Structures are given as C-alpha cells and as structure tokens.
Amino acid sequence: DDDFFVPSALDQCASFLENQPEYSAAHGLGALLVVQKNGGVRNAGHYKQQATEADTASQRLIDHLANYSATVFSLHRTESLRAMYQRVHTIPDRGFAGEMLPTCMTVVLGKVKYLDCFYLVRLAHEQRHLLPGQFDWITKPQWVPSYEIFLDQVGEELARRDGISKPEGMEVVKQAF
C-alpha cells in the first residue's frame with residue numbers, strides 16, 4: 001500500500017486497547033501527503049480521524065456521522081474487524097462495503113480513542129480510488145440495496161449494544177445517516 005503507520009504508535013494503541021475493553025479502536029495523529037506523478041510532495045496537511053467516546057452506541061453513531069471521518073485506518077481489535085467486515089461481500093456498492101459499513105460498525109462496536117502520538121501517513125495521488133460524489137453515489141442502481149443491508153446490519157448491532165429493539169436501532173441509523 002502507499003500509506004504507512006508508525007510502529008511505536010501502533011504499540012501505544014495496542015497497549016491502550018488491551019487495557020480499555022469499552023474501546024473498539026484507537027489511533028493517533030495522521031498526516032496526508034499529496035504527491036505528484038514524479039513523487040514530489042505537492043502539499044501536506046492533517047489527516048482527519050475522530051475520537052468517538054459517547055457512552056451509547058446510538059450516540060456514537062450520531063456523533064460519527066455528524067462529523068464524519070473514516071475509521072478504517074485506526075487500530076482495531078480482531079473481533080471488531082471481523083464484525084465490521086462480516087457482510088461486506090453481500091453489498092454491491094463499494095462506498096458502503098469499503099467504507100460506510102466498516103466505519104459505522106467501528107463506533108457502534110465501541111468507543112474510538114485518539115492518542116497523542118504520530119500514527120499515520122496517508123498518500124494522496126492521481127492513481128488512488130475515489131468514491132463518487134453524493135449525487136452520483138445515491139443515483140446508482142446499487143445504492144438502495146446496499147443501503148438496506150447497511151441499515152439492517154448497523155441497526156441490528158445498535159439494538160444489541162444499546163438494549164433496544166431492532167426497529168428502534170434502524171431508526172437511529174436513519175436519523176444519523
């Protein structure tokens with residue numbers, strides 16, 4: 001891949017997760033380098049990754065989608081990763097399968113911690129895959145069936161985590177989305 005993690009930061013995140021069972025993931029400071037075809041750096045900046053520490057899964061999902069950032073670069077517990085990707089193969093839309101479902105499941109499964117350490121460098125370049133814009137995304141024929149799988153899985157896990165009914169969990173997902 002074209003991104004890299006700082007090993008000592010991964011160690012710090014792993015140590016944190018070992019001692020904090022209510023957290024599903026942790027990360028530190030991320031940097032984003034925009035590179036040119038010749039390999040030169042055109043721009044550098046902060047790569048946004050949020051902490052999400054509300055007590056309920058419902059509130060974490062609402063907070064996460066109100067101030068979105070991808071959680072797929074955070075360090076996750078193995079059981080969280082399995083749950084996050086369990087049904088992605090059934091989702092036809094790449095935006096839901098590759099990003100929305102895993103990132104939303106991260107915050108439903110537990111809190112996400114930001115640690116004060118240099119953690120990640122991401123590279124942005126012309127050859128990376130970009131998701132379509134919002135209008136193009138929601139007008140594709142695979143959007144509705146993909147959203148329904150997303151709604152079902154996230155709603156079911158919200159219900160389990162917060163002790164509410166599945167229909168109530170699905171309403172929270174709709175509100176947050």
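Visitor: In which kind of crossing, left-handed or right-handed, does α4 pass α6?

Guide: This is a predicted model, and in it helix α4 covers residues 94-109 while helix α6 covers residues 143-162. Where α4 passes α6, the crossing is right-handed.

Visitor: How are α4 and α6 oriented, roughly parallel or roughly antiparallel?

Guide: The two helices pack with their axes 10 Å apart, at an angle of about 10°. Angles under 35 degrees count as roughly parallel, and therefore α4 is, relative to α6, roughly parallel.

Visitor: Which class of residue, nonpolar, polar or charged, has 12 members in the contact of α4 with α6?

Guide: On the side of α4 the contact is made by residues including Phe96, Met100 and Leu101, and on the side of α6 by residues including Trp143, Tyr147 and Phe150. Sorted by class, the contact holds two charged residues and two polar ones, while the class with 12 residues is nonpolar.

Visitor: What radius of gyration does the chain have, with its 177 residues?

Guide: Along the principal axes, the C-alpha atoms of the chain fill a box of roughly 50 × 45 × 25 Å. For a compact globule with 177 residues one would expect a radius of gyration near 16 Å, and in agreement with this the chain has 17 Å.

Visitor: In what order do the elements of the chain run from the N terminus on?

Guide: The chain is built with seven helices and five strands, so the order has to be read with α for a helix and β for a strand. Starting at the N terminus, the elements run β-α-β-β-α-β-α-α-β-α-α-α.

Notes
Residues are numbered from 1 along each chain as its sequence is written. This is a predicted model: local features need pLDDT of at least 70, side-chain atom pairs count only at pLDDT 80 or more; totals for chains, interfaces and linings use all residues. Side-chain values use heavy atoms; hydrogens and water are left out. Axes are lines fitted to C-alpha atoms, for helices over the stretch in contact, and angles run from 0 to 180 degrees between N-to-C directions. Helices (H or I, at least four residues) and strands (E, at least two) are DSSP runs, numbered from the N terminus. Angles under 35 degrees count as roughly parallel, over 145 as roughly antiparallel, 65 to 115 as roughly perpendicular and the rest as oblique. A crossing is left-handed if the near helix is turned anticlockwise from the far one by less than a right angle, and right-handed if clockwise. Contact means heavy atoms within 4.5 Å. Ala, Val, Leu, Ile, Met, Phe, Trp, Tyr, Cys and Pro count as nonpolar, Asp, Glu, Lys and Arg as charged, and the others, Gly among them, as polar. The radius of gyration is taken over C-alpha atoms; the globule rule is 2.2 Å times the number of residues to the power 0.38.
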